[in-house]
Amino acid sequence: MFKCLEEGWGRLKVTAIIGNTQWQTAIWFDTKQDTYLLPLKAAVRKKECIELNKPLQVIVCV
């Protein structure tokens with residue numbers, strides 16, 4: 001879908017937004033799952049009180 005925008009190793013620069021936290025990051029394409037992965041920094045998880053197995057709204061701007 002975004003292959004033309006990818007850099008090396010399936011990396012795609014994005015802006016991510018969770019709650020009141022916005023940051024510049026990258027997502028990576030996972031060929032095994034055929035989807036992009038967004039790693040979350042510990043600081044973001046802590047600030048936004050993110051818990052395992054709880055619903056989460058994420059906005060990713062390409």
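## Salt bridge, sheet and surface patch in a predicted model

Glu-51 and Lys-54 form a salt bridge in which the closest N and O atoms lie 4.0 Å apart. The structure is a predicted model, and the count of salt bridges by the rule applied comes to one. Glu-51 has a relative accessible area of 45%; because partly exposed covers values between 20% and 50%, Glu-51 falls in that class.

**The sheet**

The strands form an open sheet of four, in the order β3-β2-β1-β4, with antiparallel pairing. Its edge strands are β3 (35–37) and β4, each of which pairs on one side only. From one strand to the next, the twist averages 40°. In general, the strands of a sheet pair through backbone hydrogen bonds, in either a parallel or an antiparallel manner.

Strand β1 comprises residues 11–18 and is joined to β4 by three bridges, the two strands running antiparallel. Strand β2 comprises residues 21–30 and pairs with β1 over eight bridges, again in the antiparallel sense. β1 and β2 together form a hairpin with two residues between them. Gly-19 lies in the turn of this hairpin and has a positive phi of about 60°.

The table lists residue pairs that stand opposite each other across these strands.

| Residue | Partner | Strand of partner |
|---|---|---|
| Thr-15 | Cys-61 | β4 |
| Ala-16 | Val-60 | β4 |
| Ile-17 | Gln-22 | β2 |

**The nonpolar surface patch**

Val-60, the bridge partner of Ala-16, also belongs to a nonpolar patch on the surface. The other members of the patch are Leu-56, Val-58 and Val-62. Together, the four residues present about 290 Å² of accessible area.

Where in the chain is Leu-56 placed? Leu-56 is in the loop between α1 (42–47) and β4 (59–61). The relative accessibility of Leu-56 is 41%, which is why Leu-56 counts as partly exposed. A patch residue must have over 30% relative accessible area, and the 41% of Leu-56 satisfies that cut-off.

Strand β4 thus links the two topics: β4 is an edge strand of the sheet, and Val-60 in β4 is one of the residues of the nonpolar patch.

Methods:
Residues are numbered from 1 along each chain as its sequence is written. This is a predicted model: local features need pLDDT of at least 70, side-chain atom pairs count only at pLDDT 80 or more; totals for chains, interfaces and linings use all residues. Side-chain values use heavy atoms; hydrogens and water are left out. Patches are made of residues with over 30% relative accessible area and no salt bridge: like charges are joined within 9 Å, nonpolar side chains (Val, Leu, Ile, Met, Phe, Trp, Tyr) within 5 Å. Accessible areas come from the Shrake-Rupley method with a 1.4 Å probe; for residues, only the protein chains shown count as cover. A salt bridge is a side-chain nitrogen of Lys or Arg within 4 Å of a carboxyl oxygen of Asp or Glu. Buried means under 20% relative accessible area, exposed over 50%, partly exposed in between (1.4 Å probe, protein chains only). Two strands pair if DSSP finds at least two bridges between them. Axes are lines fitted to C-alpha atoms, for helices over the stretch in contact, and angles run from 0 to 180 degrees between N-to-C directions.
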